[in-house]
Amino acid sequence: MPIIIAGGGTGGHIFPAVAIANAIKKIHPFADILFVGAKGKMEMEKVPQAGYKIEGLDIAGFNRSSLIKNIGLPLKLVKSFLQVRTIFKKFKPVAVIGVGGYSSFPVLRFAQSQGIKTFIHESNSFAGKSNMLLGKKATKIFVAIDGMEKFFPENKIVISGNPVRASITGSRVSKSEAIQHFGLDAGKTTVLSIGGSLGARTINDALGHNLEAFEKNNLQLIWQTGKPYAAEGREQCEGKKNIWVNDFITQMENAYAAADVVISRSGAMSVGELCVMKKPAVFVPYPYAAEDHQTVNAKKLVDRNAALMIKDSEAADKLIPTIIALAKDETKQQELKQNISKLAITDADEVVAREILKSIAPIPQRG
């Protein structure tokens, strides 16, 4: 049973896609899954590491900051459709799943033109324009929260939540083991900073200019900088024994187990993981995300007293004082933990997988 999963660009799209693929294989071990992503993006590395095949498209997204960089976009889109046609001719999928990212659009659009069943997973609380267009002809649309009928046909919506990696939902790592993994001190309160797989300049700057404040307040830091800021972060942390720094954290279950409080962007997958791991968090939404959906994501938790939020424009002045105050206030931590845990969904990947397999039964035979 050949199935294509399309999308990527960031960990927020890739990791839930892999979680869905794993859930499909668990239910239907003979499913043949192929990923399609964008050449040069992180899915081309992360998907094979997860044990799946991937085909890359020559495609790019719309550049909002520089319109002149979009001149070649129509040509790339046409080329990507031709590449998709070749992939479909060879692989003959019976279903296509889109998880977001600009590489998902030509794949799902072509599948719909061929009458192949398509499924969308919209992880955010504000749907992207591509998904809204694709949703009109999609078989089913999986969403994280209720109220999404303003973006999609109501009869196609399934509220599934956001798939979280099994390594996180099933983690049994103790805090002491996790602290040891990072070479830190079990007696100190630990702050985890995750600015997304591509890094967050605002968060990194706020941390980089205030590293002494962590030592003064007897705190330690696990700092994921993202690749663009890795060298700068390592240089700033040289000689500081209370800080672990790297561009990427491979075993996030260890990072969550070690953390007492967390600084994070508010992409849907980061929010979902923090709910599952019951972590007190300070969100700094990325203000240039499409339709400012990260602010919408964060506000939904703030309104439930399940997290704190600092505007990106105010992070330089407010982020470090806020995270230090939270790290010292165990009562507030417990309050946030209790409320964020109520929003956790641990079986979203299985819900999505079951609904997809149910929709494409009876199972077609190849050959």
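Let me begin with the largest cavity, whose volume comes to about 30 Å³, in what is, I should say at once, a predicted model. A search of the whole structure finds one cavity of 30 Å³ or more, and the residues that line the largest cavity are Arg201, Asn204, Trp223, Thr225, Tyr229, Glu232, Gly233 and Gln236. Two elements, helix H8, covering 201–208, and helix H10, covering 230–236, each give two or more residues to that lining, and H10 gives the most, with three residues. By class, the lining divides into two nonpolar, four polar and two charged residues.

Let me turn now to the sheet. Seven strands form an open sheet with parallel pairing, and their order reads E3-E2-E1-E4-E5-E6-E7. Strand E3, residues 53–57, and strand E7, residues 157–159, stand at the edges with a single partner strand each, so one side of each is left without a neighbour in the sheet. From one strand to the next, the twist averages 20°. If we look at the E3 edge, E3 is joined to strand E2, residues 32–38, by five bridges, the two running parallel, and Phe35 has Ile54 in E3 as its bridge partner.

As for the helices against this sheet, helix H1, residues 11–27, packs on it and touches strand E1 (2–6), E2 and strand E4 (95–98), with a direction that makes about 170° with that of E2. Helix H16, residues 348–359, lies across E4, strand E5 (117–122), strand E6 (140–143) and E7, and runs at about 175° to E6.

How values were computed: Residues numbered from 1 in each chain as written. Predicted model: local features only at pLDDT ≥ 70, side-chain atom pairs only at ≥ 80, totals over all residues. Heavy atoms only, no water. 1 Å grid on protein atoms, 1.4 Å probe; cavity = no way out; pocket = protein on both sides within 12 Å on 5 of 7 lines; lining within 4 Å. Points joined across faces, edges and corners; volume = space filled by probe spheres on them. Helix = DSSP H or I, 4+ residues; strand = E, 2+ residues; numbered from the N terminus. Nonpolar A, V, L, I, M, F, W, Y, C, P; charged D, E, K, R; others polar. Pairing = 2+ DSSP bridges. Axes fitted to C-alpha atoms, helices over the stretch in contact; angles between N-to-C directions. Contact = heavy atoms within 4.5 Å.
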